[in-house]
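Let's work through a few exercises together. Have a look at the model below, then try each task before reading its solution.

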Amino acid sequence: MMKFGGTSVATLPRWQNIRELVASRRAEGARVLIVVSALTGITDALKQLCAEDDQDKRRACAEGIAQRHHELLGHMQLELPETLGERLAELERLAAEGPAVMGELAWQALVQAHGELMSSALGAAFLTHSDLPTRWLDARDCLDAAALPNQNERTRLLSAMVEAKPDPALATRLAALGEVFITQGFIARDADERTVLLGRGGSDTSASYFGALLKAARVEIWTDVAGMFTANPRQVPGARLLQKLDYEEAQEIASTGAKVLHPRCLSPLREPRVPLLVKDTNRPELDGTVIGPQLSEYAPSVKAISARKGITLVSMESVGMWQQVGFLADVFGEFKKHGLSVDLIGSAETNVTVSLDPTENLLDSDAIAALAGDLARVCRVKVIAPCAAITLVGRGMRSMLHLLSSVLAEFDQIRVHLISQSSNNLNLTFVVDEDVVDSLLPHLHELLIGAGALRTDDSALFGPSWQNLYGRGEAVAPAAAWWREAERQRLLEFGAQATPRYVYHLPTVRAQARKLKTLGAVDRLHYAVKANTHPAILRALAEEGFGFECVSPGELKAVQAAVPESAPLLFTSNFAPREDFVYAFSTRATVSLDALYPLEHWGDVFRGREIVLRVDLGRGLGHHEKVRTGGSGSKFGLPLEQLDTFLRLADAHGVTVRGLHAHLGSGILDDGHWAEVYGQLASLAERIGSVAFLDIGGGLGVPSHPGEAPLDVAALDRRLREVKAAYPHYQLWMEPGRYLVADAGVLLARVTQQKSKDTLRYLGLDTGMNSLIRPALYDAWHEIVNLSRLDEPGTTLYQVVGPICESGDVLGSDRRLPEAREGDVVLVAQAGAYGKVMASPYNLRDEALEIVIE
Ligand code: LLP
């Protein structure tokens, strides 16, 4: 089954394209049934004809419509085929006759059906003439409209449904007649032999009905995009092509906003399990989206985020409703009476709020006012509009809730009117004010990827982004990792010698350092050495002019051993013992405090010193709650309400507050964050007087998931410069860790064993959480590749685990990798930051050695 829409059948080149596509299916040995829409604009012209009262005007309309078809025939250099001639004559007759004889609705249906009847007649002639003998089939002889309860005459004639059950007799009949057929979308016949229409999305639905009737090998919907995407590409250019969906997921995505497919067209295919393929007519080489039965070998993932605008909420409040029998029946009775279909429902003890979707309802203000008037008799009514429903779609939504914290956090600034979770576990919907949606959607899409909830790393499911497919070169190719090409061979050799091993690539450290050195607003950059204390890295960064931020005497000593005397040092400890401060002051380090206690109890250590005060700005940020270092629940920073006490104590001990410091967390990709911190610290500094510099911390993130956008360093600098212009009298300091070293390091391990258990495949490595604890501790996502088989396709969905006696010893879940063998060298990427420094001797397994390459 191949379905082509209005624009695909409107011109000669488009028909030549159809011919090629059908011929290629024939070459594969398939029999083909083509389903077509009317030429673009013709259905509207036919509706216009129906709306005219005047016979002459109707005739003129019919004339114009005939003209369009004659023109296309002319381009095709074809004589008027008999089938089309008959249709044109019939249309002229109907235009002349008007609705009086047949009845308004039946006449309208028959007139409008002519769009498809004509385009298909034209197509049959063209294809047959171009050596592809094609039989014209009247869809009405095959599709019988079902009589359904609750149908009125209008829906029966203009929005009919067909119960399409496999009909082997029809299949056999057609098989005897030929190989290629063409028929009409959008039309069927009812029990009274009248022509009826299938309503919106009718042509796609026809293709599905035929697919089910004939139990087709597949239904192909040819359109102008490659398929369904993870979000509306017009709003989210980074939206990814969904390559595989099951019927229910696709239906949910279609019903919650995607326009590519009409939701109606999926249900006929479910029972006969006929797959549906969405393809781009202009780019037939693209895989498109395949929709079929549920697939078991995939991890739960959010598949799409969609948005519907124009939603109206009706909030109904009544103290009497709690446990009152029949309250909901009364309320919903009113909706039924006004012909309004309810979509989402939220309920509380004294309130029920429902949403009305404009695509299912005729939502004019009169209808709503009339409803509200009637409802007011049983409860207090409030109508909230315009709203928008943002929906996350994916099978097994409830098992993904723990991944959604960053997404939910995004809603804290926004008014959320209603949250609803579908009982089929396929969607989670937030109703918000309509005007926030456009800016919110791209951001949420990015957060979903970052949180690993939209698992774009599974390339079997998620294809290229819309931007990559259709953008005009704006797409930024991800930086090629050093380990993938240039150093791969060397890494394989290291892996063959001994594993586990950390390998650090100094050119990457330098490149990252140079990117940060473009931050013109920043006066001094310090490397937060906790991320990686390898001496070669410390030296490389000292050469780049970095200072060093240390949190313990151990780190201070490591830096002093590796780099020259002159590099600036910071000592930014937290709950450190007295002797650490004594030691820090014996070095050249600038010391910070983030509590009253040291001044209250060890005043002598600080007497006459200049210090930095680390404050808590009341909020934290970062890739995981465990790395957020601000706000309630975090042990860092002096709460602002203690600032005056701190300053009094400092005064009493002759201590000068020379710097203010804040660090809110790690792994932040929002370029606006640091300017906010900067502004807040600057205005605090104005109150203190003695401050000379502001340290806005580190936390600069690097993208880990495919598709995540990197930090925009130029934008970050612009934002910082804006603040600097207002407060030029303070020096600006930063102290990044991860940004400098994360991508510069990889962990090499070797495959030990494999195991299948339940539905899962485990891939065992010779090291795990003992070498890299980030996945276990923060659910951190690290790319994992089988370096020995980098060029082989990913065929197996693995749980990549280590040898440690903990169930949490998982380096990566649900990774699609080539089938592995014992001894293969596996590489865990982005392990340069917080890798080796957080490793432990747990289980007394050998600790990973470190190698540095230039
Ligand atoms: N400054 C202070 C005061 C810090 O506490 C930290 C990190 C940094 C700077 C550097 O942050 P970075 O630029 O590296 O994000 N182990 C966690 C990260 C913990 C960060 C602790 N403090 C992880 O692996 O994600």
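**Exercise 1.** Which residues line the second largest cavity?

Before solving, note that this is a predicted model, in which local features need pLDDT of at least 70, side-chain atom pairs count only at pLDDT 80 or more, and totals for chains, interfaces and linings use all residues. Residues are numbered from 1 along each chain as its sequence is written, and side-chain values use heavy atoms, with hydrogens and water left out.

*Solution.* Start with the term: on a 1 Å grid over the protein atoms alone, a cavity is a set of points where a 1.4 Å probe fits but cannot get out, and lining residues have an atom within 4 Å of a point. The lining of the second largest cavity is then Tyr 298, Ala 299, Ser 301, Arg 455, Asp 458, Leu 461 and Asp 814. Next comes its volume, about 40 Å³.

**Exercise 2.** Find how much space lies in the largest cavity, and some of its lining.

*Solution.* First, the largest cavity holds about 50 Å³ of space. Then look at the lining, which includes Leu 570, Thr 590, Phe 693 and Trp 733.

**Exercise 3.** Where does the ligand lie with respect to domain 3 and domain 4?

*Solution.* Both domain 3 (505–741) and domain 4 (745–853) contribute residues to the shell around the ligand, so the ligand lies between them; the bounds come from an automatic or database domain assignment.

**Exercise 4.** Find an atom pair joining Arg 738 to the ligand.

*Solution.* Look for a polar contact, a pair of N or O atoms within 3.5 Å. A polar side-chain atom of Arg 738 is 2.5 Å from a ligand oxygen atom.

How values were computed:
Polar contact = N/O pair within 3.5 Å; in protein donor to acceptor, adjacent residues only side chain to side chain. 1 Å grid on protein atoms, 1.4 Å probe; cavity = no way out; pocket = protein on both sides within 12 Å on 5 of 7 lines; lining within 4 Å. Points joined across faces, edges and corners; volume = space filled by probe spheres on them.
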